[in-house]
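Got the viewer open? Keep the selection box handy, and let's walk through this one stop at a time.

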Amino acid sequence: MQPFVRVLRSASALWPFYLAVVLVSSAVAALGLVSPFILREATDTIVGHLSGGGGGGGVADAPGAESVRRVALLAFALFAAEAGASILRNVSGYLGDVMVARLRQILSTRYFAKLLALPQRYFDNQVTGTIIARLDRSIANVTQFIQSFANNFLPMLLQVVAILAITGYYYWPLAVLLALLFPLYTWLTALTSKRWQKFESEKNANVDQGNGRFAEVVGQVKVTKSFVAETRELDKFSSHYANTVDITRPQSRWWHSMDTARGVAMNLIFFGIYLILFLRTLHGFFTIGEMVMLIQMTTMARQPVTMMSWIVDSAQRAIAGSRDYFKVMDEPVEPTANAELVAATAAADVPRLSTAAHRALPVREPVIAFDHVDFSYTEGEQVLADVTFAAREGEKIALVGESGGGKSTIVNLLLGLYPITAGRLTVCGRDVTELGVEDLRASTGVVFQEPALFSGTVFENIAYGKPDATMDEVVAVAKRANAHGFISKFADGYATVIGERGLRLSGGQKQRVAVARAMLKDAPILVLDEATSALDTKAERAVQAGLDELMEGRTTIMIAHRLSTIAGVDTIITLRDGRIDEIGSPAQLATSGGIYSELLRLTASSSAADRARLKAFGFHDGQPASDDADEAEDTDKTDTGDTDI
């Protein structure tokens with residue numbers, strides 16, 4: 001029961017529900033116990049009348065008015081007890097349902113808060129679909145068990161306790177036999193449990209892998225279709241569930257074999273109980289009414305024992321689920337995680353959270369400073385070594401180097417996604433180790449290569465970094481980002497729903513919405529992570545116009561894919577194998593013989609070898625990043641307003 005105690009304790013704000021469920025369940029149990037006593041009195045009254053009249057086996061005399069009145073009152077009392085128990089059972093069910101819904105809300109909110117507070121490194125080793133499947137299975141199994149226990153099993157257990165006391169009062173061996181049922185059943189269940197849970201863990205692993213792949217494929221279904229991989233993916237998915245069938249066979253055989261043993265053991269004990277009741281009644285120790293009452297009570301005790309097979313099955317699923325849940329909840333959070341998120345991961349109830357945009361740090365020089373920074377994603381595999389540079393207010397800096405050279409890692413560190421291994425990093429004059437990640441990220445606007453929009457409206461996506469923005473503010477930044485034209489052509493304008501990840505927009509349209517989103521955030525630092533590399537020439541020109549407007553007056557760090565994009569920057573930093581190779585202006589580095597001058601030479605060359613070398617740097621040679629069909633598609637969506645929306 002320890003996992004369930006931990007679950008209930010983690011949602012201690014629900015204690016009024018816990019108390020109410022126990023009290024109402026106790027009342028249900030008490031009313032249920034009234035019926036056997038009423039039946040005892042009715043049986044003895046009727047048997048007493050029948051045995052007292054019509055001697056010699058003849059027909060009994062007509063009952064007197066007192067006997068009729070007594071039997072009628074007993075019948076009404078039986079009705080009242082059963083009706084009251086039915087009403088209270090439904091009251092208990094209502095309380096249990098609401099309690100479990102609130103419990104699920106608390107556990108789910110805490111789980112999501114925990115995920116949001118975990119470091120990026122955690123997600124590097126996870127499959128999104130598996131995280132989602134774990135949420136659904138773990139919390140569903142726990143809450144379903146608690147709901148069943150509260151609504152059905154708890155009143156029965158309370159009744160059993162009372163029945164043991166009553167049968168002990170009448171004849172203690174009866175109580176002993178009844179009491180033996182529970183340790184015997186528990187012992188036989190314990191023999192089953194360990195092996196059963198091992199099977200269940202294997203099944204859960206297969207379900208998680210299958211559902212994780214399912215989520216990946218659905219999220220990237222265009223890739224799957226374009227590589228004609230539908231049947232291959234379906235076969236992989238099906239094989240995981242086929243594995244669960246193969247595991248279920250021995251698991252079910254084991255469970256039901258042991259359940260048969262439990263059933264036989266229980267029937268043997270009830271054989272002894274019934275034999276004692278019949279013999280003691282036959283010898284005059286119990287009246288007929290008392291025998292009927294005790295038989296009914298022992299039958300009532302049999303029901304929860306019979307249900308224990310199902311309860312134990314549900315409990316084991318819930319225990320396995322709670323382990324998965326608490327495994328995530330026990331993960332260490334980011335050292336500088338948002339304090340509200342950290343508090344929400346341990347809150348006893350759903351907390352009230354601030355939804356206002358966080359304020360950026362005041363600008364102080366240097367705006368960005370890397371001071372002998374080292375970094376490794378994995379211990380022993382250094383990605384950055386002794387990186388030192390500074391950026392001042394309004395300065396534009398381009399990071400250039402081969403793929404894997406450390407450019408994106410510098411961006412990740414600026415966004416606080418990973419802690420530095422050694423050295424010092426300051427933003428707006430503040431050491432990042434002393435900042436909360438909300439301060440750091442509020443001071444940094446970013447436009448990624450993949451815009452990463454959310455389902456919802458155009459307005460909601462642009463206002464994502466400033467949820468209290470007005471329509472005028474959103475329209476103003478959309479105009480500056482060169483996005484207002486295509487948005488206004490949509491039938492619903494800024495209220496247009498763009499679909500999951502903005503799939504109903506072209507690449508250029510999505511990127512311009514992302515630029516507008518960064519503009520509205522109005523952070524002093526701007527990060528451009530190859531923001532136009534996936535666009536064709538026409539779309540790139542439209543997006544670049546918005547980026548030029550966005551960079552105005554901000555300290556900008558950019559990873560570029562074309563030399564034309566970085567020709568106007570103030571400083572170029574070239575990286576080679578995680579180390580800074582050169583720092584200087586475009587003019588200075590053009591003749592230095594380093595990476596930048598090599599890129600200039602490669603761009604001017606027409607040889608296949610030089611073109612291949614250029615691609616190693618992630619650079620295009622000025623030709624469209626997409627083919628003519630892609631350009632035509634974006635032209636249609638951008639210029640004519642002919643869209644799928």
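Start by selecting residues 230-282, which make up helix H8. (Helices here are DSSP runs of H or I with at least four residues, strands are runs of E with at least two, and both are numbered from the N terminus.) H8 has 53 residues, and its first and last C-alpha atoms are 74 Å apart, close to the 78 Å expected at 1.5 Å a residue. That expected span is 1.5 Å times one less than the number of residues.

Before moving on, a word on the ground rules: this is a predicted model, where local features need pLDDT of at least 70 and side-chain atom pairs count only at pLDDT 80 or more, while totals for chains, interfaces and linings use all residues. Residues are numbered from 1 along each chain as its sequence is written, and side-chain values use heavy atoms, with hydrogens and water left out.

Where does H8 bend? Zoom in on Thr 248: the helix turns there by about 30°, and Pro 250 follows within four residues. (The bend is the angle between axes fitted to the seven residues ending at a residue and the seven starting there.) After H8, click on Gly 284, which has a positive phi near 85°.

Next, jump to Pro 366, in the loop between helix H10 (339-344) and S1. Look at the peptide bond from Glu 365 to Pro 366: it is cis, with omega near -15°.

Now color S1 (residues 368-378) and S4 (residues 422-427), which run antiparallel and are joined by five bridges. To see one partnership, pick Ala 369 and find its bridge partner in S4, Thr 426. Add the other strands and you get an open sheet of four, in the order S2-S1-S4-S5, with antiparallel pairing. (Two strands pair if DSSP finds at least two bridges between them.) S2 (381-391) and S5 (430-431) are the edge strands with a single partner each, so one side of each has no neighbour in the sheet. Then show helix H11 (residues 407-414), which lies across S1, S2 and S4 at about 110° to S1. (Such angles run from 0 to 180 degrees between N-to-C directions, using axes fitted to C-alpha atoms, for helices over the stretch in contact; contact means heavy atoms within 4.5 Å.)

Our next stop is helix H16, residues 507-521. Is H16 largely enclosed or open? Because 13 of its 15 residues are buried, H16 is largely enclosed by the rest of the structure. (Buried means under 20% relative accessible area, exposed over 50%, and partly exposed in between, with a 1.4 Å probe and protein chains only.)

Step along to Asp 522, in the loop between H16 and strand S7 (525-529). Asp 522 is not a glycine, yet its phi is positive, at about 55°. With 51% relative accessibility, Asp 522 counts as exposed.

Carry on into S7, which pairs in the parallel sense with strand S8 (residues 555-559) over five bridges. Ile 525 stands opposite Thr 555 in S8. Select the whole open sheet: six strands, ordered S6-S7-S8-S3-S9-S10, with mixed pairing. The twist averages 20° from one strand to the next. Helix H20 (residues 595-604) packs on this sheet, touching S3 (396-401), S9 (571-576) and S10, with its direction at about 95° to that of S9.

Finish at Gln 544 in helix H17 (residues 537-551). At 17% relative accessibility, Gln 544 counts as buried.
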